[in-house]
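Student: I would be grateful for a close look at the nonpolar core of this protein, together with its surroundings. Please explain each term as it arises.

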Amino acid sequence: RFKVRRQTRIDWRVTWYSTVLWFLAIIVGGVVVLPWYYLALPIVIFWTTFFYFRHSDKTLRMGLWISLIWFFIAVILDIFEIIGPYYRNAGAYFSDSRNILKYPFILLTPVVYSLILENLKIKKSRRGSLASVNKRAAVY
């Protein structure tokens, strides 16, 4: 029989980036005027994702996990900070489209970015294997 042992550990880097992402989304929502918010928020989330994936595994699996973790941490922090423990401000919070818009961006940006990176990695490996096949074919 195989023993499956799961270790639960906290990755502080993921926690740090999700907190920074949440904080930057609040700053952008408070500073940027509404029509420009729809352009500024995706840029902020993209650059946070870019800096995270510089020193991380660039696979689709990692992008899915990161987006889910970032999403849940942002929701939890929003509930604690903005909505409040007794949901006094829930109506005002959900009536603003900026608060609803940030969740799909947080979910989709790491997934799309990791998908693009993984696709580029596959294309590079194919290009390298095709070049070696062409060299071998030229010898014969």
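Tutor: The answer below begins with the overall fold, turns to the core, and ends at the surface.

The model is predicted, so local features need pLDDT of at least 70 and side-chain atom pairs count only at pLDDT 80 or more, while totals for chains, interfaces and linings use all residues. Residues are numbered from 1 along each chain as its sequence is written, and side-chain values use heavy atoms, with hydrogens and water left out.

The protein chain has 5 helices and 0 strands, where helices (H or I, at least four residues) and strands (E, at least two) are DSSP runs numbered from the N terminus. Along the sequence the pattern reads α-α-α-α-α. Of the 140 residues in the chain, 29% are buried; buried means under 20% relative accessible area, exposed over 50%, and partly exposed in between (1.4 Å probe, protein chains only).

A nonpolar core is a set of buried Ala, Val, Leu, Ile, Met, Phe, Trp, Tyr and Cys residues joined through side-chain atoms within 4.5 Å. The largest such core holds 22 residues, and Tyr52, Trp70 and Ile106 touch the most other members. Two or more residues come from each of α1 (12-31), α2 (34-53), α3 (60-83) and α5. Helix α2 contributes the most, with 7 residues. In soluble globular proteins, nonpolar side chains tend to be buried together.

Helices α3 and α5 are also linked by a charged pair: Asp78 lies in α3 and Lys102 in α5, 24 residues apart. Their side chains form a salt bridge (3.0 Å, N to O), that is, a side-chain nitrogen of Lys or Arg within 4 Å of a carboxyl oxygen of Asp or Glu. Both Lys102 and Asp78 are buried.

At the surface, patches are made of residues with over 30% relative accessible area and no salt bridge, joining like charges within 9 Å and nonpolar side chains (Val, Leu, Ile, Met, Phe, Trp, Tyr) within 5 Å. Accessible areas come from the Shrake-Rupley method with a 1.4 Å probe, and for residues only the protein chains shown count as cover. One nonpolar patch, with about 900 Å² of accessible area together, includes Val33, Leu34, Trp36 and Trp47. Trp47 lies in helix α2 and is partly exposed because its relative accessible area is 43%.

A patch of positive charge gathers Lys123, Lys124, Arg126 and Arg127; Lys and Arg count as positive and Asp and Glu as negative, with His and the chain ends not counted. Each charge is placed at NZ of Lys, CZ of Arg, CG of Asp or CD of Glu. Arg126 belongs to helix α5 (residues 97-139) and counts as exposed because its relative accessibility is 56%.
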